[in-house]
Amino acid sequence: MANLTILRTYALRKPTELPPSVLFSFSEKNMTIFDAYPKSIFHFLVLPRVLSPEPTSLLKPSDKDTCPQSSVQEPETPPPSVTDLSSLRALLNSKSISKDRAKQVILSLKEDALGVKAEIEKEMQKRYGFIWDVWIGFHGVPSMEHMHLHVLSADLHSERMKNKKHYNSFHPKHGFFLHVDEVLAWFEAKPSYYQNIAKLSPNKYEPLLKEPLVCFHCDVEKKNMPTLKAHLQEEWEKLKKSTETPKKRKLAVDQRQKSPISNEGESDSSPALKKSKTDKS
């Protein structure tokens, strides 16, 4: 069984202490790791680093007496605690940080995720010769402790994609996968709507994992995972071919433009013209 608290363990450590098989990159506030069970060709997790201990309000008097003065003085805008960052739901409903501070945490995660997306796109081009979509979002009900933002290529083609729950948790249209811009839009909504949506009730989201197996490309329903995965592979191949055709056309145009033979006549270097001169001589 997977260690459900391993992400929190990573977030509490210095990024440089993590092995390269785990850590992809890090910034002042976040770290990006390889998903240990990738559900797409490319799959990463962006985690907010824990830069603060538990709020001092949770410390016992005896603890405060033994703590250095600097550790018990709350800054004006304290960073989120490990409790605040335990999940998206915990962050949105935190009593110790403001709504605006919660939004800043998500914006910071998004900024790092966009950097990861750019790296993925470079690798797509390098490995496969074309670029396809990259999704960035949260799960409505995460399976792991500690908040994490998924950054994955839009193919859902992986050996680790084994069952309906896996697939539906990343389906971009079912609603269990919450695109990061969708979550950020909640902060601009009416307070009553925000308070309701921020509950992230498992009763609302978990039934979505039982939805039929429907292709996210064409909405065709498949009877089981093997047939769905085969279909997804076909869709990915179609996408690849659709990008190759314009490239081939452009290459053909470029080659014609670079050719010494123009539409207006033949150059002296053309074999046809050389043959004509030889005949005349």
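This report describes the fold, the central sheet, one long-range helix contact, the cysteines and the salt bridges of a predicted model.

## Overall composition

The model is predicted. Its protein chain contains eleven helices and eight strands. Of the 281 residues in the protein chain, 36% are buried. The protein chain exposes about 16,600 Å², and carbon and sulfur atoms supply 53% of that area.

Contacts across the sequence were also assessed. Among contacts between residues at least 6 apart in sequence, 60% join residues at least 24 apart.

## The six-stranded sheet

Six strands form an open sheet in the order E1-E2-E3-E5-E4-E6, and their pairing is antiparallel. Strand E1 (23–26) and strand E6 (177–179) occupy the edges; each has a single partner strand, so one side of each is left without a neighbour in the sheet. From one strand to the next, the twist averages 30 degrees.

Within this order, E5 stands between E3 and E4. Strand E3 (residues 43–48) runs antiparallel to E5 and is joined to it by four bridges. In this pairing, Leu-45 has His-150 of E5 as its bridge partner. Strand E4 (residues 134–139) also pairs with E5 in the antiparallel sense, again over four bridges. Here Val-134 stands opposite Ser-153 of E5, and Ile-136 stands opposite Val-151 of E5.

## Burial of strand E5

Strand E5 (residues 149–153) is largely enclosed by the rest of the structure, because five of its five residues are buried. The burial applies to both faces of E5. Leu-149, Val-151 and Ser-153 are buried on one side, while His-150 and Leu-152 are buried on the other.

The bridge partners named above can be placed on these faces. His-150, the partner of Leu-45, belongs to the side of E5 that also carries Leu-152. Val-151, opposite Ile-136, and Ser-153, opposite Val-134, belong to the other side, together with Leu-149.

## Helix H5 across the sheet

Helix H5 lies across E1, strand E2 (30–34), E3, E4 and E5. Relative to E4, H5 runs at about 145 degrees.

Ser-108 is located in helix H5 (residues 99–128). With a relative accessible area of 14%, Ser-108 is buried, because this value is under 20%. Apart from residues up to four places away in sequence, Ser-108 touches Lys-29 and Asn-30. Of these two, Asn-30 is at the start of the range given for strand E2 (30–34).

## Cysteines

A disulfide is a covalent bond between the sulfur atoms of two cysteines. The structure holds zero disulfides. Cys-215 takes part in none, and its nearest cysteine sulfur, that of Cys-218, is 3.7 Å away. The 3.7 Å between the sulfur of Cys-218 and that of Cys-215 is too far for a bond, because a disulfide requires sulfur atoms within 2.5 Å.

The surroundings of these two cysteines can be described by their accessibility. Cys-215 is buried, with a relative accessible area of 0%. Cys-218 counts as partly exposed, at 32% relative accessibility.

## Salt bridges

Side chains of opposite charge can pair when their charged atoms come close. The count for this model comes to seven salt bridges, and three are described here.

Within helix H5, the side chains of Arg-127 and Glu-123 meet in a salt bridge at 3.1 Å, N to O. These residues lie four apart in the helix, about one turn. Glu-123 is partly exposed, with a relative accessible area of 27%. In helix H10 (residues 225–258), Glu-235 and Lys-238 are three residues apart and so are separated by about one helical turn. The closest N and O atoms of their salt bridge are 3.9 Å apart. Glu-235 is buried, with a relative accessible area of 13%, whereas Lys-238 is exposed, at 53%.

Another salt bridge joins Lys-173 to Asp-219, with the closest N and O atoms 3.4 Å apart. Lys-173 lies in the loop between helix H6 (164–170) and E6, and Asp-219 in the loop between strand E7 (213–214) and strand E8 (221–222), so the pair ties together parts that are 46 residues apart in sequence. Asp-219 counts as partly exposed, at 47% relative accessibility.

Terms used. Residues numbered from 1 in each chain as written. Predicted model: local features only at pLDDT ≥ 70, side-chain atom pairs only at ≥ 80, totals over all residues. Heavy atoms only, no water. Buried < 20%, exposed > 50% of the residue type's maximum accessible area, 1.4 Å probe, protein only. Contact = heavy atoms within 4.5 Å. Pairing = 2+ DSSP bridges. Areas by Shrake-Rupley, 256 points an atom, 1.4 Å probe, with all protein chains shown as cover. Axes fitted to C-alpha atoms, helices over the stretch in contact; angles between N-to-C directions. Salt bridge = Lys/Arg side-chain N within 4 Å of Asp/Glu carboxyl O.
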